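Student: I have a model open and would like to know what lies behind the labels people put on its strands. Could we go through a few together?

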Amino acid sequence: MLIVLLGCVALSVDTGYIGDLCGSMQSAVDASALAGASALEVAQGPARQRVAEYAAKNEVAGSGLNPSELDITIGHWYGLTNTFVADDGTIPSTPNAIRVSGRRRDIPLYFAGILGVTSTTVTRLAAAMQGAGRCLGVWGLEGIVGSGDIITDSYDIEDGAYGGANVRANGDICSCRDITLGGNTEIHGDSIYGDDYNLTLHGTSYEIWGRVDDQTCRLTPPTFNMADAKVNNNNATIPPTDDGDSAFRGPGRLFLAGNDNLTLLPGKYYFNTLQIESFATLTITGPTEIYIQGTAQIGGGGIINNTGIPENLKVYGTGNTITLNGTSDFYGVIVAPTSQLRFLGTSSYYGMMIGRTLDFRGTTNIHVDESVVMDIFGLSSVAPMLIE
């Protein structure tokens, strides 16, 4: 009877103890994975260091985990199948996820020795993804459709020009409703669509290296004051075009045609409509805000931001449609939550965009500038989240 009793004690006490150990180990790897993911934008070395730092702060059986008890893998999260893929250098964006496995061996038990078991080993796993706490970057509030190819990723202009190590996986594409893409799709970022809506991919190839999920829409679009811009602006400083013509035509219409170019001084400008045709271009040279109350047709050579800094060009719209079909790369921000944004032709966009709907008809490459996203939404950082 005593042996049976002791066996029951061993089962109850040590089983509870093992459960407590498993919980402690899970907390340790969860915290370590989140800490490591928060440093992935810096480099892989700092991410590994943060994993080790936070593992040491979380006790399992009376002491923190040491590096020999950790297995750290840095890689990418493939959202379509919820799969972690170890980084092998073939995916053209920096890793966005980290997986941490913790293992502590030979933890002494209390009474289980009566049953011939004197110790146990506890192992737990966690994975976290950087920048998946909020969906930012490319927003079509009431839907996104595309018949052409689309590629998104991100970079941070504060770390230099786009390219090389400055190609990241925060090129989020988001909507409060459906996302339907018919061309070849390569999203290096999250793809978030509205609760009870759908993500539909019809292309012959599609990849999403980020979180794929439906969620209740919580986005509050950035605000701007169109009425103030109508009164307080720098329209009076608009110079003649390079050909000596007047591009500013009443009432509040900016029109460029032919091979002409208009260079705006840095400042704030307000137009009822904006139209760029043929091979014409609109050039900005410094911080410029353009407010468009009605429709905009941006074709020709498009708007040329000579600074190459998206923060320096902000386009705000309240009209029904803004069409972009320019041949030059677009560096800037488009905030037009009541407008349909139509992207035609083959172009690259650096910055961020918010529209009522987004319609991609050509081959579109979008490189989200993380620094301008933080500025527009008033954020200092985006928290990582656990994915395993």
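Student: What makes β29 and β30 a pair, and which residue of β30 is the bridge partner of tyrosine 350?
Tutor: Happy to help, and keep in mind that this is a predicted model. The partner of tyrosine 350 is histidine 367 in β30. Pairing needs at least two bridges, and β29 and β30 (residues 363–369) have six, in the parallel sense, so they count as a pair.

Student: How do you know that β28 pairs with β29?
Tutor: By the cut-off of at least two bridges: β28 (residues 330–343) and β29 are linked by 11, again parallel. Phenylalanine 330, for instance, stands opposite tyrosine 349 in β29.

Student: Why is strand β29 called mostly covered?
Tutor: Buried means under 20% relative accessible area, and 13 of the 15 residues in β29 (346–360) are buried. The label therefore follows from that count, given the cut-off.

Student: What makes β6 and β31 partners?
Tutor: Two bridges join β6 (residues 119–129) to β31, and the strands run antiparallel. The cut-off is at least two, so the pair qualifies. Alanine 128 stands opposite leucine 386 in β31.

Student: Why are β4 and β31 called edge strands?
Tutor: The open sheet has the order β4-β3-β5-β6-β31 with antiparallel pairing. β4 (83–86) and β31 (385–386) each pair on one side only.

Student: How do you know that helix α2 packs on this sheet?
Tutor: Contact means heavy atoms within 4.5 Å, and α2 (residues 44–57) touches β3 (70–78) and β5 (97–108). The direction of α2 makes about 130° with that of β3.

How values were computed: Residues numbered from 1 in each chain as written. Predicted model: local features only at pLDDT ≥ 70, side-chain atom pairs only at ≥ 80, totals over all residues. Heavy atoms only, no water. Helix = DSSP H or I, 4+ residues; strand = E, 2+ residues; numbered from the N terminus. Axes fitted to C-alpha atoms, helices over the stretch in contact; angles between N-to-C directions. Buried < 20%, exposed > 50% of the residue type's maximum accessible area, 1.4 Å probe, protein only.
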